[in-house]
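Could you walk me through this structure while I have it open in my viewer? Please tell me what to select at each stop and what I will find there.

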Amino acid sequence: ARVVVLLSGTGSLCAALLEAADEAGYPAAVVAVGSDRPAPGLEQARRRGIPTFTCTLRDHPDRAAWDRALAAEIAGHRPDLVVSAGFMRIVGPAVLDAFGGRLINTHPALLPAFPGAHAVRDALAAGVEVTGSTVHLIDAGVDTGPVLAQREVPVLPGDDETQLHERIKTVERTLLVETVARLATSEEDPR
Ligand code: GRF
């Protein structure tokens with residue numbers, strides 16, 4: 001399966017997918033990596049000769065134009081699956097219309113608990129003993145789409161946000177690699 005990855009930051013989740021895809025027999029290939037800003041995570045794709053693109057909101061007259069441009073960039077790479085791996089923007093209707101049902105996101109909490117951009121901080125503030133990682137289909141809401149896979153991660157005494165997020169990200173990487181493989185080999189529409 002052809003996978004386009006979207007990211008905004010360091011791209012350690014994307015790195016895990018790139019490494020998995022290097023293994024013989026992994027059923028998916030990363031054909032492009034895109035971002036909404038000049039993200040450091042694009043560098044690892046460039047080094048491998050994988051095409052990258054950056055679609056910046058402020059380079060477009062409004063969010064709808066940005067959304068259409070992003071959809072066109074992604075479509076140019078003819079993906080079977082689009083993976084938001086630390087992409088810190090809500091995609092719009094153009095992207096959803098084009099890739100709905102094969103557009104997935106990783107989230108650092110056990111959805112429906114702690115949606116939104118501060119999931120790790122919110123879980124710590126709530127004092128839960130267990131949080132985790134969720135891979136889900138993207139729909140029009142914020143972290144509301146159908147859950148495809150989840151794995152628990154313990155909150156340890158004295159954890160700060162960085163420590164807990166790192167522990168979650170270790171699990172997220174494996175969960176994402178496994179879920180992409182599962183979707184790439186399944187005939188069924190994940191919807
Ligand atoms: C992950 O925890 C992801 O769920 C969250 O941002 C983080 C991305 O990390 N939305 P990285 O940029 O892949 O290292």
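Here is a tour in short stops, each beginning with a selection. Keep in mind throughout that this is a predicted model.

**Stop 1: the annotated span**

Select residues 2-180. An unreviewed UniProt entry annotates this stretch as "domain: Formyl transferase N-terminal". Put a distance between the two end C-alpha atoms of the span and you should read 10 Å. By composition, residues 2-180 are 36% helix and 23% strand.

**Stop 2: around the ligand**

Now show the ligand and the residues around it. How many residues surround the ligand? There are 15, and the closest are G9, S12, L13, G86 and P108. The elements that give two or more residues to this shell are α1 (12-22), β5 (103-107) and α6 (161-185). Of these, α1 supplies the largest share, with three residues. Colour the shell by residue type and you will see five nonpolar, eight polar and two charged residues.

**Stop 3: helix α1**

Stay with α1 and show its side chains. L13, C14, A16, L17 and L18 are buried here; L13 is also one of the residues closest to the ligand. What do the buried residues of α1 pack against? Their partners are β1 (2-7), β2 (29-35), α2 (42-47), β4, β5 and α6.

**Stop 4: F87**

Select F87, in the loop between β4 (81-84) and α4 (93-99). Is F87 buried or exposed? F87 counts as buried because it has 26 C-beta neighbours inside 10 Å, where 20 or more is the cut-off. Leaving aside neighbours within four places in sequence, its contacts are L6, L7, S8 and D36. Add G34 to the selection too: 53 residues separate G34 from F87 in sequence, yet their C-alpha atoms are 9.1 Å apart.

**Stop 5: H107 in β5**

Move on to H107, which UniProt lists for "active site" in an unreviewed entry. You will find H107 in strand β5. H107 is buried, since 23 other C-beta atoms lie within 10 Å. Not counting residues up to four places away in sequence, H107 touches A119, T134, H136 and D143. Keep A119 and D143 in mind, as both come up again below.

**Stop 6: across the strands**

Show β5 together with β6 (residues 130-137) and β7 (residues 147-154). β5 and β6 run antiparallel and are joined by four bridges. To follow one of the pairings, select T106 and look for its bridge partner in β6, V135. From V135 you can carry on into β7, where its bridge partner is A149. β6 and β7 also pair in the antiparallel sense, over seven bridges. Six of the eight residues of β6 are buried, making this strand mostly covered.

**Stop 7: D143**

Select D143, in the loop between β6 and β7. Its phi is near 60°, a positive value in a residue other than glycine. With 20 C-beta neighbours inside 10 Å, D143 counts as buried. This is also one of the residues that H107 touches.

**Stop 8: helix α5**

Next, select α5 (residues 119-126) and look down its axis. A119, V120 and A123 are buried. They lie on the same side of α5 because they cover an arc of only 100° around the axis. What covers these buried residues includes β5, β6 and α6. A119 is another of the residues touched by H107. Just after α5, stop at G127, which takes a positive phi of about 75°.

**Stop 9: backbone details**

Two more backbone features are worth a look. In the loop between β5 and α5, select P112. The peptide bond joining L111 and P112 is cis, with omega of about 10°.

Finally, go to R78, in the loop between α3 (63-75) and β4. Phi of R78 is near 45°, again a positive value in a residue other than glycine. Is R78 buried or exposed? R78 is exposed, because 10 other C-beta atoms lie within 10 Å, and the cut-off for exposed is 12 or fewer.

Key: Residues numbered from 1 in each chain as written. Predicted model: local features only at pLDDT ≥ 70, side-chain atom pairs only at ≥ 80, totals over all residues. Near = placed C-beta within 6 Å. Nonpolar A, V, L, I, M, F, W, Y, C, P; charged D, E, K, R; others polar. Pairing = 2+ DSSP bridges. Contact = placed C-beta atoms within 7 Å. UniProt positions renumbered as here; feature names shortened; annotations may be inferred. Arc of directions from axis to C-beta.
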